Amino acid sequence: MTRGERQKLFLGLAFISPWIVGFLMFTLYPVVASMFYSFCDYDVLTRPVWIGTLNYSDMFTDSVFWKSLYNTLFFAVIALPLGLITSLLVAVLLNQPVKGRSLFRAIFFLPSLIPVVATSMIWLWILNGNFGLLNHGLKCLGINHPPQWLADPSWTKPSLILMSVWGVGNSIVIYLAALQDVPRSLYESADLDGATAWKKLRYITLPMISPVIYFNLIMGIIGSLQVFAQAYIMLGGGGPNRSALFYAVYLYQNAFEYRQMGYACAMAWVLFLVILFLTWVATKSTRRLIYYAGE
Amino acid sequence: MKTAFFALLLTVSTLFPGCAREPNDRTADGRTIIEYWEKWTGFEGEAMQAVVDAFNASQDRIFVKKLTVSEVDQKLMLAAAGGNPPDLAGLWSYSVPDFAEKGALIPISGLLAEKGITREQYIPVFWDLCEHRGFMWAIPTTPSTVALHFNKRLFREAGLDPKRPPRSLAELDEMAEKLTIVEVTRSGTSKSVRFAELTKEERDTKDFSIIQLGHAPQEPGWWIQMWGFWFGSDLWDGEQTITANSSENVRALRWIESQVNKYGLENLRSLGASFGNFSSPQNPFLSERVAMVLQGVWMHNFIDKYAPHLEWAAAPFPSEDGEQMPNVTIAECDILVLPKGCPHVNEAFEFMCFVASQEGMELLNMGQKKFSPLAETSKEFVRDHPNPYIEQFINLARSPNVKTVPRLAFWLEYRDEMQVAADHMLSLTASPESAANHVQDRVQWKCGRVMRRWDLTRKERLQEWSEYDAR
C-alpha cells in the first residue's frame with residue numbers, strides 16, 4: 001500500500017467513523033455484553049455475579065416465560081400470513097389502472113405514518129366493548145353480544161392481530177414496487193393465450209415477485225416475534241390473565257421493571273435463537289418456490 | 001489529513017456531549033445549583049414548585065432547579081448506574097427497598113439525627129415506609145391513605161342512610177345490591193329494577209344489563225392485589241416467607257370471585273367497557289354510575305374538577321370483620337431521596353430539611369390537597385383544607401390497622417402476580433386456592449433468590465451504609 005493509498009484509506013475510515021464508532025459502541029458492545037450478562041445475576045446497579053446457566057435453566061421452569069412465548073407464537077402464526085396475504089391483495093388491487101389510484105395508494109399507506117401511540121389510542125376506542133366503532137358495526141349486523149375485545153382474555157390476542165393488519169402499508173409499497181417490475185410482455189403473452197386473471201396472478205405475478213414475498217416473510221417473522229409497542233401501550237403488563245403478554249413485553253418487564261437484566265439478556269438470546277431457527281426453516285422450505293431472474 | 005482530523009473530531013464530539021456533567025453548577029450570584037428530579041406535573045408540580053421557590057427565596061447559598069421527569073424511577077436507576085445522577089429525586093415509598101438494596105441511594109439516618117429529625121415528629125407509618133434494613137433512606141413528602149368514597153344522593157334514592165356507611169364487607173355487599181340498578185325484561189318489556197328486587201331466577205340466569213353499580217372491586221381496582229388487607233392478611237411474614245396463599249388472602253380472592261358470580265361476568269365486563277378515563281367527567285364514580293369506590297385522599301381533587309356538585313362522603317373501607325378490624329387502610333407516600341453519587345449531598349439535604357419542616361410540608365400538601373405526614377399540623381391546615389374529610393384520612397393513617405405494601409425489593413413482581421390472581425377471579429378462570437398457590441410458589445421462589453443474594457452481600461452492604469452514615 002502506497003502512502004497515498006494509506007492516506008485515502010485513513011480518510012475513508014475517518015469519514016465513516018461515526019458509523020464505525022456507533023456500531024462498535026451501540027451495537028457490537030451491547031450484543032457481546034448481553035451475552036456475558038445472560039450468565040450473570042445482574043441488576044444494572046450492582047456488580048454482576050456469575051451464575052452460569054441458571055438464567056437459562058430458570059427460564060424453562062418459568063411458566064410466565066412459556067406463556068409469553070405461546071402468546072407471541074400465536075400472534076405470529078396468525079398475524080404474519082394474514083398480513084402477507086392482505087398486503088399482497090391490496091397491492092395487486094392498487095396496481096390496477098383505476099381512477100384515483102394514487103389517492104388510494106396514499107390512503108392505504110397513511111396508517112403506517114401515524115405514530116404507534118396515536119394508533120394505539122385510536123384502537124383503544126375502536127375496540128371499546130360498549131362504545132367502540134367495531135362493536136357498533138357488529139351490532140348493526142345483528143350480533144347482539146359482540147366480544148369485549150380488550151377485557152376478555154380470549155379476545156385480546158385476536159384484537160392485536162386485527163390491529164396488525166392496519167399497519168401493512170410498508171409491505172404494500174414493497175409489493176407495489178415489485179409488481180411494477182413484472183415485464184408487461186408476460187401478461188401480453190398470457191392474454192394472447194386467453195389466460196384468466198387468476199391464472200395470470202398464479203403463474204406470472206406470484207413467481208415473478210416471489211423474492212419480495214420471501215423478503216416480506218422474513219421481515220414479518222422477525223417483526224411479529226418482536227411485537228411490543230401496541231401491546232405494551234394498550235394492555236400494559238399483558239392484559240387480563242396475561243393473555244397478551246408478549247415475549248418482548250415480558251423481556252422489558254424483567255429488564256426495566258423487575259431489574260433482572262441478566263434474565264432479560266438470556267431471554268433476548270433465546271429470542272434471537274428462535275428467530276434464527278424460524279428464518280432458517282423459512283429459507284429452507286421456500287428455496288424452491290422463489291424465482292430469481294438470471295439464475 | 002486535516003479533513004480526516006475534523007471528521008474524527010466531529011464523530012467524537014457528536015458522541016459524547018450527553019455524557020458530560022454540566023460543568024457550571026453555580027448561579028450568576030454564586031449559589032450552588034441543586035438538580036432535583038420530580039415526577040409531578042399540573043397542580044401537583046406547581047405545589048412543589050412553590051416550595052422550591054420559597055426555599056430559593058430564603059437562600060443565599062443554594063439554588064434548587066426542579067426538573068419534571070417522567071418514569072422517574074427508571075431514569076434515576078439508570079442515571080445512578082451511569083454515575084451521573086441528579087442531587088435529589090422524588091420517588092414512591094415502595095421504591096425504597098429495591099433502590100436501597102441495589103445501592104442506588106445514600107442512607108440518611110446520620111444526616112437526620114444530626115438535624116434532630118426523629119420518628120416522633122412523624123405519623124409513624126410514613127416514617128417507617130422510608131426505613132429499610134435499619135437505615136433511613138428518604139423523607140416522606142405527600143402521604144396518602146385510602147377510604148370508601150360513596151355517593152350520598154344514590155344512597156338516599158336507594159333508601160339508605162347517607163350518614164351510615166357500611167361497617168363490614170357483608171353490609172357493603174347488602175348495600176351494593178340495593179344501589180345496583182339493572183335492566184331486565186319482564187313479560188316482554190324492559191324494566192329498570194334494583195338488584196335486590198330481582199327474582200331468584202333472574203339472579204341465576206343473569207339475563208340483565210347493569211345500569212348503575214353499587215360497588216365492584218375492579219373499579220378502579222388499583223389495590224385489588226392487596227384486597228387481603230381487609231381480611232386481616234399481611235402478604236408476608238416480615239422475614240423470608242411470603243403469605244400469598246394464607247387463608248385470609250384466599251378468602252379475599254373468593255370474595256372478589258363472589259362479586260363476579262353475583263352480577264355476571266359479561267354484565268360486569270360490558271359495564272366496565274362503558275366507563276371513561278379516570279381523570280375525566282366520565283369517571284364512573286363522578287358520572288354517578290358506581291355508587292361506592294375505594295379511593296385515595298386525592299379523589300377530592302378530581303371531584304372538585306369534574307363533578308363539583310357530586311354529593312359524596314368518605315368513610316373507612318369496611319373490613320370482613322368490622323368490629324374486630326376497624327379502620328383498615330393502605331398508607332403510601334411520595335418521598336425525597338439522595339441518589340448515590342449525587343454531587344451536593346449537604347446542600348440537597350438542606351432542601352430536604354426545608355421540605356420536612358412544618359412550613360414546607362403544609363405548603364406542599366395544601367397545594368396538592370393532601371395531608372401532612374408530620375405528627376403535628378397547624379390548626380389552620382385542617383381548618384382551611386379544601387377536602388372536607390381530610391381528618392378522616394389523617395385518622396386512618398394513625399389507625400392500628402393501617403397497612404403498607406410489603407417492604408420487599410421484589411414487591412413490583414409480587415404485585416403483578418397478585419394482579420394475575422385477581423384477574424383470574426374477575427374472569428372466573430381459576431379457583432381462589434389454585435390462583436393463590438400459584439402466586440405463592442412463583443413469588444416464594446423469587447423471594448428465595450433475592451434473599452440468597454442479600455445474604456451474600458449483606459455484610460458488605462451494611463458496613464458500607466454504616467460507614468456512610470458515620471461520615
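Visitor: Is B:Arg31 buried or exposed?
Guide: This is a predicted model, and the values given here are computed from it. Buried means under 20% relative accessible area. B:Arg31 has a relative accessible area of 12%, so B:Arg31 counts as buried.

Visitor: Which residue forms a salt bridge with B:Arg31?
Guide: The closest N and O atoms of the pair are 3.4 Å apart. The partner of B:Arg31 is exposed, because its relative accessible area is 54%. That partner is B:Asp29.

Visitor: How many residues apart are B:Glu311 and B:Arg156?
Guide: The side chains of B:Glu311 and B:Arg156 meet in a salt bridge, 2.9 Å from N to O. The pair links distant parts of the chain, with B:Glu311 in the loop between α12 (299-306) and β11 (312-315) of chain B and B:Arg156 in helix α7 (residues 152-157) of chain B. Along the chain, B:Glu311 and B:Arg156 are 155 residues apart.

Visitor: Which residue forms a salt bridge with B:Asp416?
Guide: B:Asp416 is buried, because its relative accessible area is 15%. Its partner is partly exposed, with a relative accessible area of 27%. The closest N and O atoms are 3.4 Å apart, and the partner is B:Arg415.

Visitor: How many salt bridges does the structure hold over all chains?
Guide: Some salt bridges are linked in a network, made up of A:Asp62, A:Arg242, B:Glu417 and B:Arg442. Over all chains, the number of salt bridges is 35.

Visitor: Is A:Val32 buried or exposed?
Guide: A:Val32 lies in helix α1 (residues 3-37) of chain A. Together with A:Trp19, A:Phe23, A:Leu24 and A:Leu28, A:Val32 makes a nonpolar surface patch of about 490 Å². Exposed means over 50% relative accessible area. At 51%, A:Val32 therefore counts as exposed.

Visitor: How many charged residues are in the lining of the second largest pocket?
Guide: This pocket has a volume of about 820 Å³. It is lined by 32 residues, and A:Ser164, A:Gly167, A:Val168, A:Ser171 and A:Gly223 lie nearest its centre. Elements of chain A that give two or more residues to the lining include α3 (63-94), α7 (153-166) and α11 (210-225). By class, the lining has 19 nonpolar and 13 polar residues, and the number of charged ones is none.

Visitor: What distance separates the C-alpha atoms of A:Arg288 and A:Gly237?
Guide: A:Arg288 is in the segment after α14 (261-286) of chain A. A:Arg288 counts as exposed, because its relative accessibility is 82%. A:Arg288 and A:Gly237 are 51 residues apart along the chain, and the distance between their C-alpha atoms is 42 Å.

Methods. Residues numbered from 1 in each chain as written. Chains lettered and ligands numbered in written order. Predicted model: local features only at pLDDT ≥ 70, side-chain atom pairs only at ≥ 80, totals over all residues. Heavy atoms only, no water. Patch = residues over 30% accessible without salt bridge, like charges linked within 9 Å, V, L, I, M, F, W, Y side chains within 5 Å. Areas by Shrake-Rupley, 256 points an atom, 1.4 Å probe, with all protein chains shown as cover. Salt bridge = Lys/Arg side-chain N within 4 Å of Asp/Glu carboxyl O. Helix = DSSP H or I, 4+ residues; strand = E, 2+ residues; numbered from the N terminus. Buried < 20%, exposed > 50% of the residue type's maximum accessible area, 1.4 Å probe, protein only. 1 Å grid on protein atoms, 1.4 Å probe; cavity = no way out; pocket = protein on both sides within 12 Å on 5 of 7 lines; lining within 4 Å. Points joined across faces, edges and corners; volume = space filled by probe spheres on them. Nonpolar A, V, L, I, M, F, W, Y, C, P; charged D, E, K, R; others polar.
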